[in-house]
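Grab a coffee and work through these exercises with the model open beside you. Try each task on your own before reading the solution under it.

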Amino acid sequence: MPQQTTTSGTQKPLRKGLKSKLILSMIGVGTLPLFLAMVISYLQGTKSLQNVIGASFQALATETATKIDFIMKEEIKRNTRLASHPTLILTVRERYRRTSQMNDAELKIQFQNQAELWKSKEPHQKSLLNNSGSRILKSFLKRDPLSEESTHALFVTDSKGVLLSSANNYPEFFNGSKPSIAKTVKGGKGFIYIGPMMPIPRSEDFGFHLAIPILNHGEEVLGVLHRVYRAKPFFSSYIEQIIFGDTGHVMLIDSQGVVIDCPILPTGFQLPDPKLVASVTGPEASWARTQSDGHGGQELSIIGYSPLLGNNVATLASSGMKWFTFAWQSSDEVFAPTQKLLLWISAAGFISVLLIALFGSLASNKIVQPILLLQNATARIGRGEEVEPLKIRTGDEIESLANEINLMNSLLKKAFSGLEEKVEEKTKEVRSLQEYTESILMSVPDILLIFSEELKTEYTNEAFEKLTGISASKAHAKTLTTMGLKFNDQWQSVMQELNAYSKGSHEESSKTVKITLGNQGPRDPLAPKSAGPSWETKNVVTFGSRVFAYQFFDVAITVEKKRRIGLLMKEITEQKSLQDQLTMAEKLSGLGTLTAGIAHEMNNPLFSIMGLTETIIEEKDPEKIQTYSKKILAKSKHMASIILNMSGYSRSGAKDQMGEVNINERLDASIEMALMASYTDNIELEKNYSQLPLIKAKPEEIQQIYLNIIRNAVQAMEGKGKLKISSSQKDGRVVTTIQDTGPGIPQEYLSKIFDPFFTTKDQGKGSGLGLNIVHRLVENYGGSISVESIVGLGTTFTITFPID
């Protein structure tokens with residue numbers, strides 16, 4: 001396979017040779033027009049074939065619709081002649097004659113008796129089946145056996161729907177509520193009622209209702225001739241005989257997609273696709289392409305349809321429905337010619353591609369052979385071998401390229417003659433610089449490690465070996481967790497931070513502890529800080545009694561593009577101890593003020609207890625003694641609560657244990673302690689707490705955070721104002737807001753309020769450590785604290801803690 005020589009002297013295989021590319025190009029150029037022609041031919045042929053099939057289906061549907069129209073027209077004529085039979089007219093007139101002589105009560109009794117007889121099971125009791133009108137109806141059916149099979153009921157009612165005569169016992173006695181009565185009587189002479197498809201009572205069949213008015217002297221509607229047809233027996237001999245191919249057939253449906261007759265689908269079946277129904281129920285005969293065939297398939301289908309123009313005049317006036325014929329054949333059978341056409345076109349295209357590939361291979365050999373000679377020569381030149389001048393006579397750009405390579409070969413021979421001496425001189429300079437750099441790094445008193453992209457150590461200095469006892473050679477190419485170091489859990493934590501830094505995550509985890517180192521010297525709190533990184537922002541790890549601050553940094557090497565990461569560790573054991581002492585000192589600095597407030601707060605319940613005790617001594621009524629005792633108990637619980645809050649605040653944070661903390665309870669305890677120390681009742685307190693999950697923390701540290709901020713707010717308002725405290729849960733964090741109506745903090749101070757020893761209070765009234773400790777404790781739990789202040793309106797502190 002052809003190969004490519006890189007600048008480092010290694011060779012890697014090419015994905016494709018020039019010959020392959022030339023052949024592929026020829027195939028692409030030759031097959032693209034061929035493919036387009038094949039696609040266009042196939043699409044045009046498919047379209048033409050679909051048009052022919054659609055027109056054929058349309059003609060078949062139209063022919064069937066014409067036939068059904070004619071059959072329905074003849075059926076209506078036969079029933080119209082029956083409706084004008086003198087015996088039926090006399091039967092209706094006789095009913096009117098007898099009922100005209102009765103009042104409403106008598107009519108009601110007579111009809112009820114006749115209805116009971118009609119419902120009885122004994123045939124001889126059904127006198128209506130044996131009257132002259134019924135005999136005419138039965139005789140009418142017997143003359144046509146096919147009509148008798150397809151007829152469910154044939155009966156006559158008066159204009160109010162009361163049964164007069166019937167060919168069988170299927171009709172109901174009272175039919176006045178049926179739409180056929182009202183519409184036929186209202187329609188009068190010439191009106192034909194053809195009802196919608198519906199289930200036939202006491203039968204599993206579906207059918208339709210035909211109603212024709214019975215006229216008196218050709219004008220007045222005396223009664224109605226009803227005929228209920230079973231759709232399947234009536235239409236099957238005309239529709240189900242039309243079969244073409246294996247699956248092609250014609251079906252009859254109404255405008256709502258209900259099947260009237262079909263060789264496959266049951267009568268009364270509702271076509272499930274409304275889009276299909278809308279496509280095949282147009283006002284004129286046509287054909288349609290649909291993505292559903294109405295028979296359970298979802299393939300592309302061609303359907304021809306036609307409305308029953310004559311019959312639809314009656315159905316539309318009767319029920320708002322129209323009837324349609326529907327010619328269909330399965331997609332596999334319809335598109336079989338199309339698939340054969342596609343197969344022949346594909347075969348012709350495949351043979352054409354093979355021919356193009358064959359001729360392309362022959363043509364490409366004449367181009368590729370000289371290029372292979374050029375490639376071989378340049379590869380040998382790259383390896384420093386002796387190469388004879390190339391002799392290529394193609395008379396084109398390839399021959400010109402061969403001449404250029406011959407010229408380059410001669411120039412390289414001259415250039416390489418003095419290169420070895422220069423390489424040796426530069427090598428000595430690099431070695432000297434490497435030894436110098438190594439000496440500097442080994443002299444650094446802090447621990448220094450360099451990691452590769454795989455987070456394996458490439459360099460460790462002597463300070464690391466003194467701390468761990470692991471030499472640089474043993475630590476090389478190992479991770480911090482595979483060196484067998486002591487304090488494995490602590491090194492595992494550092495390794496996790498290193499992994500996060502390598503992935504671009506510079507945010508500290510919720511377990512990161514930030515500390516402020518000493519040796520900063522006194523400075524003006526209002527003076528701006530010096531630029532550059534501070535050890536205050538470094539992570540901290542503890543090995544036994546020794547504490548180290550550490551930070552990661554990127555090592556930039558311009559020659560190599562690989563990324564390296566450095567780890568610098570500085571021992572801060574003494575600074576950490578000093579800072580813990582400062583934290584405890586700040587906590588105890590407020591005890592004087594709190595003690596005075598607590599003494600004031602405890603005097604009132606104490607005096608009450610003394611007074612109630614004296615009263616109990618002299619009181620003899622047991623009920624009053626019990627009442628006074630409950631009051632003493634309540635006052636005692638109040639004093640116990642004050643003492644509990646005070647004892648919890650004064651404990652050393654170093655001895656606290658982690659536990660589940662209720663933020664709302666810590667807020668209430670902090671509010672109580674801060675207000676006790678204020679000696680005032682003029683502060684309006686507004687609390688808006690939400691139901692919060694517990695967080696894992698040291699309860700005393702959480703209370704110290706809130707107490708410092710609330711106490712500052714109370715002091716800022718000087719005993720008068722409004723203090724609003726709220727808690728909520730948002731985006732997986734607990735959010736608390738503390739807002740006062742004090743004088744506010746000037747804008748130029750907002751960026752400094754968390755600095756150690758910064759305070760805006762008068763001399764002796766504040767240490768300047770409170771908010772600095774708050775800031776460190778909040779970030780110690782992975783939280784955040786922010787402040788907003790408007791001079792003259794007040795200050796708002798927002799504190800968040802992660803729930804998990």
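**Exercise 1.** Work out whether D668 is buried, partly exposed or exposed, then find its salt-bridge partner and say what the pair ties together.

*Solution.* Start with the accessibility. D668 comes out at 31% relative accessible area. Partly exposed covers the range between the buried cut-off, under 20%, and the exposed cut-off, over 50%, so D668 counts as partly exposed. Keep in mind that this is a predicted model.

Next, look for the partner. The side chain of D668 meets that of K687 in a salt bridge, with N to O at 3.0 Å. D668 sits in helix α20 (residues 663–676) and K687 in strand β21 (residues 683–688), so the bridge ties together parts that are 19 residues apart in sequence. K687 is partly exposed too, at 44%.

**Exercise 2.** Find the salt-bridge partners of R546 and R563, and check how exposed each residue is.

*Solution.* Take R546 to begin with. Its side chain pairs with E571 at 2.8 Å, N to O. Strand β18 (residues 546–555) holds R546 and strand β19 (residues 564–571) holds E571, so this pair links parts 25 residues apart in sequence. R546 has a relative accessible area of 35% and is partly exposed; E571 is partly exposed at 34%.

Now R563. Its salt bridge goes to D554, where the closest N and O atoms are 3.0 Å apart. R563 is partly exposed with 30%, and D554 is partly exposed with 44%.

Finally, set these pairs in the wider count: the structure has 14 salt bridges.

**Exercise 3.** Which residues make the nonpolar surface patch of about 580 Å², and is I40 buried or exposed?

*Solution.* List the members: L32, F35, L36, V39, I40 and L43 build the patch. Then pick out I40, which lies in helix α1 (residues 18–83). Its relative accessible area is 57%. The cut-off for exposed is over 50%, so I40 is exposed.

For contrast, here's the background: in soluble globular proteins, nonpolar side chains tend to be buried together. The next exercise turns to the buried side.

**Exercise 4.** Describe the largest nonpolar core: how many residues does it have, and which element gives the largest share?

*Solution.* Begin with the size. The core has 39 residues, and those with the most contacts inside it are I663, I702, Y706, I710, L723 and F801.

Then see where the residues come from. Elements giving two or more include helices α20, α21 (699–717) and α22 (770–780), along with strands such as β23 (721–730) and β26 (794–802). The largest share is nine residues, from α21.

Zoom in on I710 for a closer look. Leaving out residues up to four places away in sequence, I710 touches L667, S670, I671, A674, L723, I725 and I738.

Don't stop there, though: apart from this core lies another one of 37 residues, with I71, I89, F140 and L308 among them.

**Exercise 5.** Step back and put together a profile of the whole chain.

*Solution.* Count the elements: 22 helices and 26 strands. Check burial: 40% of the 804 residues are buried. Look at contact range: of the contacts between residues at least 6 apart in sequence, 62% join residues at least 24 apart. Finish with the surface: the accessible area is about 45,500 Å², and carbon and sulfur atoms account for 56% of it.

Notes. Residues numbered from 1 in each chain as written. Predicted model: local features only at pLDDT ≥ 70, side-chain atom pairs only at ≥ 80, totals over all residues. Heavy atoms only, no water. Salt bridge = Lys/Arg side-chain N within 4 Å of Asp/Glu carboxyl O. Helix = DSSP H or I, 4+ residues; strand = E, 2+ residues; numbered from the N terminus. Buried < 20%, exposed > 50% of the residue type's maximum accessible area, 1.4 Å probe, protein only. Patch = residues over 30% accessible without salt bridge, like charges linked within 9 Å, V, L, I, M, F, W, Y side chains within 5 Å. Areas by Shrake-Rupley, 256 points an atom, 1.4 Å probe, with all protein chains shown as cover. Contact = heavy atoms within 4.5 Å. Core = buried A, V, L, I, M, F, W, Y, C linked by side-chain atoms within 4.5 Å.
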